[in-house]
Amino acid sequence: MIIVTTSTLQVPIEICATFAFALSGLIAGARKRMDAFGVFVITGVAAFGGGTLRDVLLDRRPFFWVEHANWIWLMLFLCLFAMVFMRNRHIQLTERAIQLPDALGLGLYASLGTQIALELHLPVIICALMGVMTAVFGGVLRDIFCNEIPKAFNDHQPYAVIAFAGSLLVVTLNGLNFSQWICVFVPAGLISLLRILAIYLKWRLPSWQIESNR
Amino acid sequence: MIIVTTSTLQVPIEICATFAFALSGLIAGARKRMDAFGVFVITGVAAFGGGTLRDVLLDRRPFFWVEHANWIWLMLFLCLFAMVFMRNRHIQLTERAIQLPDALGLGLYASLGTQIALELHLPVIICALMGVMTAVFGGVLRDIFCNEIPKAFNDHQPYAVIAFAGSLLVVTLNGLNFSQWICVFVPAGLISLLRILAIYLKWRLPSWQIESNR
Amino acid sequence: MIIVTTSTLQVPIEICATFAFALSGLIAGARKRMDAFGVFVITGVAAFGGGTLRDVLLDRRPFFWVEHANWIWLMLFLCLFAMVFMRNRHIQLTERAIQLPDALGLGLYASLGTQIALELHLPVIICALMGVMTAVFGGVLRDIFCNEIPKAFNDHQPYAVIAFAGSLLVVTLNGLNFSQWICVFVPAGLISLLRILAIYLKWRLPSWQIESNR
């Protein structure tokens, strides 16, 4: 099995994905009219929460945001800038505009998280779970901090499910001895593509057959 | 002090308890009409959250669900099966039906968690806390993910309190040099029994003397 | 760089701060009329949550509350005592009365958390973040467990912001080779003073320019 070296791929990938996820946190904080500290925490949690949880569970150190601490300064200025200049119409614009980088981030984070777990020789399902967790848990923590049921859990759009399928593909490609670039970027691209299709074709996950009794 | 070996006891115990707690998560997710991913996460968090938090705090690896990854596949199919076949009346049936395995799980998880902490020679109160945490925090995280105040915190039923008393008994029995089986299973049985009595005799924890001003 | 030894300073500092934060958790639990277990957990999380999260992220063991486990017994009796004797007027009294120790705790925890991270030679911004996290995250977790948006995120009072400024001062003083006592206690005092001024002069953080659309 050819293993992707963390140093080569991790940095550029995480930067792209981080930015999209940070913006989603920024918007969530703005929506709740949080103060500067709240916005900063929500932004940071959305951007780094998934990868940090993965690294805590896998006992990996240092965290991405510790190793690349300058990004935190950038995030801090981004938040302050947004608080001064962002208006309602910007929120709507930004929400639509981040769908593309968010889809890219979903693919890249899921593939990368899976690959990192594969390096540790964990079971297939755990590797796929780590990929999904990396991609999705930043948003989950963002919503919990905003006191809402995580959108990924009940908006019935295919999001984590696509990341899960892609993560299984990463495992498969590694098993077939493809090169590291193929193992990471082909599934990442497929996940991003499927996610964008899911948005534009309005795919829906199947619903429960039960009636809500609340 | 005779120490229970993790390998002998942990697996069968955690399987029983895990299943009951997983079902409680499944029902909570169904109640909130979450989508497939949400139900899966809530189920997994309810089943493995307490033990995972304990292991993160005690810096133990690998986690139970990493070592026995096949259970995750089983859980995945359980969730999908439930989404297709579960109806309202099943939820009510299941809620009543899981009270017994949940009580068993409470006892077994609390005793096992305490015993694991004892192996690490931690102070008495920490061992008891680890037992309670193992048994109760899956449910706490399940409720936080569902955006509710954890039921264990404000339903005024004796649940964690019973687990705490039982955990102290585990410590006491270890101190008296009883065999490992007695140290784990006698308190586990007592906790389960007390919990079932608490349900059927409708025991209540004492309330605050204050008026609610919200 | 002269490094403060953890053993000298950590214990008395954490005891002061812990008590104030524990009281804030106790009051939050009482407000929600939680049962004995809920109050105990909220109290513990408010008191130890920030330091524990810092130690998990920095991979430090043992936790303060594991090393000084007797404090947990004390906390347990405090909670039981409060449930029996606390009345509405006590809550109001206590809330006002803990503003001073809470301000002291904010300063001491933030300075200490920063100093601990400096010992590990982490980047400046990470050290400051660890200080803020130590001081603020107990309260954040307390509010999440109570199913509310964390007060530190949206009450628009300067709290974390003051801790952040003080944490940066800790880093600066360390860089200027001041003695360990000055590095920790001068910023701690300044943070506490500013926090008390912020309360009495009703300082407010700037608000968003956007309209709330919820």
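Me: How many residues does the contact take from chain A and from chain C?
Reply: In this predicted model, the two chains do not give identical numbers of residues to the contact. Chain A gives 25 residues, and chain C gives 27 residues.

Me: Which element gives the largest share of the side of chain A that touches chain C?
Reply: The elements of chain A that give two or more residues to this side are helix H1 (6-31), helix H2 (36-58), helix H4 (70-85), helix H5 (88-97) and helix H7 (124-145). The largest share is five residues, and it comes from H2(A).

Me: How do the residues of the side of chain A that touches chain C divide into nonpolar, polar and charged?
Reply: Chain A contributes 25 residues to its contact with chain C. These residues divide into 16 nonpolar, three polar and six charged.

Me: What is the relation between chain C and chain B?
Reply: Chain C can be laid on chain B by a turn of 120 degrees, with a shift of 0.0 Å along the axis. The RMSD of this superposition is 0.0 Å. The relation is therefore that of a three-fold axis.

Me: Which residue of chain A has the C-alpha nearest the axis?
Reply: Chain A is superposed on chain C by a rotation of 120 degrees with 0.0 Å of shift along its axis, at an RMSD of 0.0 Å. In chain A, the C-alpha nearest that axis lies 3.8 Å from it and belongs to A:Asn147.

Me: Why do the copies, chain A and chain C, meet through different surfaces?
Reply: The test is whether interface residues of chain A are also interface residues in chain C. The copies meet through different surfaces because the share that are is only 12%.

Me: Is B:Ala160 buried or exposed?
Reply: B:Ala160 is found in helix H9 (residues 160-175) of chain B. A residue is buried if 20 or more other C-beta atoms lie within 10 Å of its own. B:Ala160 has 28 C-beta neighbours inside 10 Å, so it counts as buried.

Me: Leaving aside neighbours within four places in sequence, which residue of chain C is in contact with B:Ala160?
Reply: With those neighbours left aside, the contacts of B:Ala160 include B:Val132, B:Val136 and B:Ala152 of its own chain. The remaining partner, from chain C, is C:Phe37.

Me: Which residues touch the most other members of the largest nonpolar core?
Reply: The largest nonpolar core holds 220 residues. One of the residues in question is in contact with A:Leu106, A:Ala110, A:Gly131, A:Val132, A:Ala135, A:Val136 and A:Ile191, leaving aside its neighbours within four places in sequence; this is A:Ala163. The residues that touch the most other members are A:Ala163, B:Ala163 and C:Ala163.

Conventions:
Residues numbered from 1 in each chain as written. Chains lettered and ligands numbered in written order. Predicted model: local features only at pLDDT ≥ 70, side-chain atom pairs only at ≥ 80, totals over all residues. Contact = placed C-beta atoms within 7 Å. Helix = DSSP H or I, 4+ residues; strand = E, 2+ residues; numbered from the N terminus. Nonpolar A, V, L, I, M, F, W, Y, C, P; charged D, E, K, R; others polar. Least-squares fit on C-alpha atoms with pLDDT ≥ 70 in both. Core = buried A, V, L, I, M, F, W, Y, C linked by C-beta atoms within 7 Å. Buried ≥ 20, exposed ≤ 12 C-beta atoms within 10 Å, placed from the backbone.
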